[in-house]
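The following note sets out numbered points on the structure shown below. Each point may be checked against the coordinates.

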Amino acid sequence: MLVLPDQIRNLIESFSNLPGVGQKTATRFALSLINRPVHELDAFAFNLKNLLSVEKCQECGLFADEPICRICASEHRKESGLICVVEQFTDAMAIEGSNRFSGLFHVLGGVLNPLMGVGPSEIAFDSLMERISKNNVCEIILALNPSVEGDATSAFIKDEILKRFHDKVSVERIGLGMPVGGALEFLDPMTISKALENRRRF
């Protein structure tokens, strides 16, 4: 039986811990690196280690290289009065890639799931309410994936916004173009554009 050196086996294990990467793909990744020039491996290792310096924007939760990301720092974006609420960073990337949204983002970092012990305090809910209070926000777009948890989270946020801000802030849900059970990060820009165009009051 062929036994790989520990260095290779450990690298395969690291790759296989990534989402969507199985044992065969992880092995292919690891073996492809063995014959790379030293300078490429050094650059690869540097880029991996450099991830430790990535911050999250103090306002919206997007990854950034500054305490406040470029989107939140944009006066044009602030003046729009729009905040698009998403579950994860990749959802914001997908919407930004559609080139149809010119407001701010807010990354919840998850959705409500009482069975798993995920309540409002486990997601970035309080910071969303705080942003609405201190900024000139007139509209919230809920762009959460259409699932049981996503729908429940959207309903909760809508109820809380109406309770706290009454008619000062409108709440809309991303509309036609989002397939049931679909995930934003896997949708093409045209589908996302249509979803943004056809958003509805929620």
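**Notes on the predicted model**

1. Asn99, with a relative accessible area of 67%, is exposed. This residue of the predicted model lies in the loop that runs between α6 (89-97) and β4 (104-107). The backbone of Asn99 deserves a check, as its phi is near 60°, a positive value in a residue other than glycine.

2. A second residue to inspect in the same way is His166, whose phi is near 55°, again positive although the residue is not glycine. His166 sits in the loop between α8 and β6 (170-173). His166 counts as exposed, at 52% relative accessibility; the cut-off for that class is over 50%.

3. On the overall architecture, the protein chain has 9 helices and 7 strands. Its C-alpha atoms fill a box of roughly 70 × 35 × 35 Å along the principal axes. The protein chain has 202 residues, of which 38% count as buried. Among contacts in the protein chain with a separation of 6 or more, 55% come from residues 24 or more positions apart.

4. Two helices packed together are described by the angle between their axes and by the distance between those axes. For helix α1 (residues 6-16) and helix α2 (residues 23-34), the angle is about 130° and the axes are 8 Å apart. That angle makes α1 oblique to α2, because it lies outside the ranges for roughly perpendicular (65 to 115 degrees) and roughly antiparallel (over 145). The α1 and α2 crossing is right-handed.

5. Which residues make the contact of α1 and α2? From α1 come Ile8, Leu11, Ile12, Phe15 and Ser16, and from α2 come Gln23, Ala26, Thr27, Phe29, Ala30, Leu31, Leu33 and Ile34. By class, the residues of this contact of α1 with α2 are 10 nonpolar and 3 polar, with no charged residue.

6. Ala30, a residue of helix α2, merits a separate look. Ala30 counts as buried at 2% relative accessibility, since the cut-off for buried is under 20%. When neighbours within four places in sequence are left aside, the contacts of Ala30 are with Ile8, Leu11, Ile12 and Phe15. Those four residues are also listed on the α1 side of the contact of α1 with α2. Ala30 and Val85 are 55 residues apart in sequence, and their C-alpha atoms are 37 Å apart in space.

7. The other helix pair to consider is helix α7 (residues 125-134) with α8: the two axes come within 12 Å and cross at roughly 35°. The crossing of α7 and α8 is right-handed. On the α7 side the residues are Phe125, Leu128, Met129, Ile132 and Ser133, and these meet Phe156, Ile157, Glu160, Ile161, Arg164 and Phe165 in α8. The contact of α7 with α8 comprises 8 nonpolar, 1 polar and 2 charged residues.

8. Leu162 also belongs to helix α8 (residues 148-165). At 37% relative accessibility, Leu162 counts as partly exposed. Between Leu162 and Gly150, which are 12 residues apart along the chain, the C-alpha separation is 18 Å.

9. Is Arg77, in helix α5 (residues 75-79), buried or exposed? Arg77 is buried, with a relative accessible area of 12%, because the cut-off is under 20%. With neighbours within four places in sequence left aside, the residues in contact with Arg77 are Ile71, Glu96, Phe101, Ser102, Gly103, Leu104 and Phe105.

10. A disulfide is a covalent bond that joins the sulfur atoms of two cysteines. How many disulfides does the structure hold? The number is 0. Cys60 is in no disulfide, and its nearest cysteine sulfur, that of Cys72, is 3.6 Å away. The Cys60 and Cys72 pair therefore does not qualify, as the sulfur atoms are 3.6 Å apart and the cut-off is within 2.5 Å. Cys60 is buried, with a relative accessible area of 1%.

11. Cys84 is likewise in no disulfide; the nearest cysteine sulfur to it belongs to Cys60, at 11 Å. Cys84 counts as buried, with 0% relative accessibility.

Note on methods. Residues numbered from 1 in each chain as written. Predicted model: local features only at pLDDT ≥ 70, side-chain atom pairs only at ≥ 80, totals over all residues. Heavy atoms only, no water. Axes fitted to C-alpha atoms, helices over the stretch in contact; angles between N-to-C directions. Helix = DSSP H or I, 4+ residues; strand = E, 2+ residues; numbered from the N terminus. Parallel < 35°, antiparallel > 145°, perpendicular 65-115°, else oblique. Left-handed = near helix turned anticlockwise from the far one by under 90°. Contact = heavy atoms within 4.5 Å. Nonpolar A, V, L, I, M, F, W, Y, C, P; charged D, E, K, R; others polar. Buried < 20%, exposed > 50% of the residue type's maximum accessible area, 1.4 Å probe, protein only.
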